[in-house]
Amino acid sequence: MLFRVQSAAVFGIKAYPVSVEVDLSTGRKLDLMTVGLPDTAVRESSERVKAALRNCGYVLPPQHITINLAPADVKKEGSAFDLPMAVGILGAAGSVRSQNLSAFLFMGELSLDGSVRPVKGTLSMAVMARDKGIDRLIVPEANAREAAVVDGVRAFPVRSLSQVVELLNGRQPWIPLVVDRQQLLVQSSNYDVDFKDVKGQYQAKRALEVAVAGGHNIILIGPPGSGKTMLARRLPTILPPMSFEEAIETTKIHSVAGLLSDRVGLIGMRPFRAPHHTISDAGLIGGGTVPRPGEVSLAHNGVLFLDELPEFHRHVLDVLRQPIEDGEVTIARASMSLTFPARFMLAAAMNPCQCGWFGDTFHECTCTPPLIQRYLARISGPLMDRIDMHIQVPAVKYKELVQDDKAEESTVIRERILAARRIQFQRLEPFRIYCNAQMTPRTLRRFCKPDAECEKQMENAITRLGLSARAYDRILRVSRTMADLEGQERIQARHVAEAIQYRTLDRTYWQ
């Protein structure tokens, strides 16, 4: 007898349907065979399924069992096929009421005692099921919240194989999990850090506000203990709130990577990823035999923070070029090519020199100019060309540490940023770009044309301060953002002057 159950598999962050076909035949050796390009985890599922069926009190049919995972020309991986395979066997044996299961999608890993364990990529499978017209999802209880956030499907959480059989045979009522999607988004967007916690560093906070308002990448340069990491960790709190579509896309990536908590059905906070400087290129952009998302994709719609930037391996930093430029990363293998989204704000931090104390008034720097040059040369020119703002973060003074003046809260700063972003959106939407950092040379000439006074300042900066020619466009972009923060239609000379200060690494600043 042939019995068919619908399931799904994940390819990148997208899912595709998989039909689990179970056939019972006689006259052959009694065994369970899985075909359809299964990987090791899927091949091992036969033993898990047989043990789960026995321990739940079901008798395996005394026949040869063949399970086909269609389409058979795509490699299947993961443990999500355990539950649909067990349901298919019971259906073929007559233990499950013979009904039309085309409206159901099954997923879940089985323990040996028959309990249903969570799987990766549930949200992607739920979105695919909705698009294919499948409106009922049988999902592990731990994955039910992320499946329920998809509008148009009903997610039924299950704890065990026995419960699934009871549901299908009509002995238990069908009770889907219902969640308030907007309320879930609001609840999951509460940050536990705030800019009001930062003492002093007014110039650095101003620079971060400008960077976020225009979507500019930024690097913080300062001695140890000056607050670079503390400032960077608060960047997500002043980014614009996530839309529901952004939250869904971000949650998909974390679900596929297996990083989504069973208590969180939707990621409403902007991601903040801070990989260690010993990370490999595969860990940063993604990789593996079956490619998985890396840190740049996990930071999608959020912030990627690289602390101690010169300590990262040079070839690791070089792979950042494509994600920064394209907002996505493509990983090619002999049998497949996957593309993961990777649109993030890059924030980096570094010491001004190898010993860390150059320019500090309380510590003596032991580095010579050649040593400083070699230290800075660890960062490639093409990568620095993609960072708009270089900010010096000096050590905090004692008076600033002990003063009781309350700093601005992140919500106040965010309101100004939202106003500037709305201006940029109205200006740049016809060009399919949404912030000043994404402006092309054509849009730059149209919207950032400096007047005579601004041009004079730019000429002085390039000829006298030793700024490079590539800094010209960066200064104009940052100046445009400052004007937007003030609601100014044209760039003013003061905006250009401030933007020039944010190009520290374009000149030999140790002289």
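**Close-up views of a predicted model**

Of the 511 residues of the chain, 52% count as buried. The structure shown is a predicted model. The legends below begin with the whole chain and then turn to selected parts.

**Figure 1. The whole chain is built from 21 helices and 18 strands.** Along the principal axes, the C-alpha atoms occupy a box of roughly 90 × 50 × 45 Å. Among the contacts in the chain with a separation of 6 or more, 74% are made by residues 24 or more positions apart. The chain exposes about 23,200 Å², and carbon and sulfur atoms supply 50% of this area. There are 63 positive and 56 negative side chains. The centres of these two sets of charges lie 2 Å apart.

**Figure 2. Four strands form an open sheet with mixed pairing.** The order of the strands in this sheet is β1-β2-β4-β3. Strands β1 (2-11) and β3 (32-35) are at the edges, and each of them pairs on one side only. From one strand to the next, the twist averages 20°. Helix α3, formed by residues 122-131, packs on the sheet and touches β1 and β2. The direction of helix α3 makes about 85° with that of β2.

**Figure 3. Strands β1 and β2 form a hairpin with two residues between the strands.** Strand β2 comprises residues 14-25 and pairs with β1 in the antiparallel sense. The pairing of β1 and β2 extends over 10 bridges. Two positions illustrate this pairing: Ser7 stands opposite Val18 in β2, and Gln6 stands opposite Ser19 in β2. In a regular strand, side chains alternate between the two faces of the sheet. In the hairpin of β1 and β2, Gly12 takes a positive phi near 75°.

**Figure 4. Strand β2 also pairs with strand β4, and the two run antiparallel.** Strand β4 consists of residues 64-70 and is joined to β2 by seven bridges. One position to locate in this view is Glu21, whose bridge partner in β4 is Asn68.

**Figure 5. Three strands form an open sheet with parallel pairing.** The strands of this sheet follow the order β5-β8-β9. Strands β5 (104-106) and β9 (154-158) each have a single partner strand, so one side of each is left without a neighbour in the sheet. Neighbouring strands here are turned by 25° against each other on average, direction ignored. Strand β8, made of residues 136-140, runs parallel to β9 and is joined to it by five bridges. Arg136 stands opposite Arg154 in β9. Helix α5, residues 161-168, lies across β5, β8 and β9. Helix α5 runs at about 130° to β9.

**Figure 6. Ser111 is found in the loop between β6 and β7.** The flanking strands are β6 (109-110) and β7 (116-117). Is Ser111 buried or exposed? The relative accessible area of Ser111 is 16%. The cut-off for a buried residue is under 20%, so Ser111 counts as buried. Not counting residues up to four places away in sequence, Ser111 touches Ala52 and Arg117.

**Figure 7. Gly214 has its place in helix α7.** The relative accessibility of Gly214 is 0%, and Gly214 therefore counts as buried. Which residues does Gly214 touch, not counting residues up to four places away in sequence? These residues are Arg421, Gln424, Cys435, Asn436, Ala437 and Thr481. Arg421 illustrates how positions distant in sequence may be brought into contact in this model. Gly214 and Arg421 are 207 residues apart in sequence, whereas their C-alpha atoms are 7.2 Å apart in space.

**Figure 8. Helix α21, residues 493-501, contains buried residues.** The buried residues of this helix are Ala493, His495, Val496, Glu498, Ala499 and Ile500. What covers the buried residues of α21? The cover includes helices α7 (202-214), α19 (452-464) and α20 (471-485). Helix α7, part of this cover, is also the place of Gly214.

Methods. Residues are numbered from 1 along each chain as its sequence is written. This is a predicted model: local features need pLDDT of at least 70, side-chain atom pairs count only at pLDDT 80 or more; totals for chains, interfaces and linings use all residues. Side-chain values use heavy atoms; hydrogens and water are left out. Buried means under 20% relative accessible area, exposed over 50%, partly exposed in between (1.4 Å probe, protein chains only). Contact means heavy atoms within 4.5 Å. Accessible areas come from the Shrake-Rupley method with a 1.4 Å probe; for residues, only the protein chains shown count as cover. Lys and Arg count as positive and Asp and Glu as negative; His and the chain ends are not counted. The place of a charge is taken as NZ of Lys, CZ of Arg, CG of Asp or CD of Glu. Two strands pair if DSSP finds at least two bridges between them. Axes are lines fitted to C-alpha atoms, for helices over the stretch in contact, and angles run from 0 to 180 degrees between N-to-C directions.
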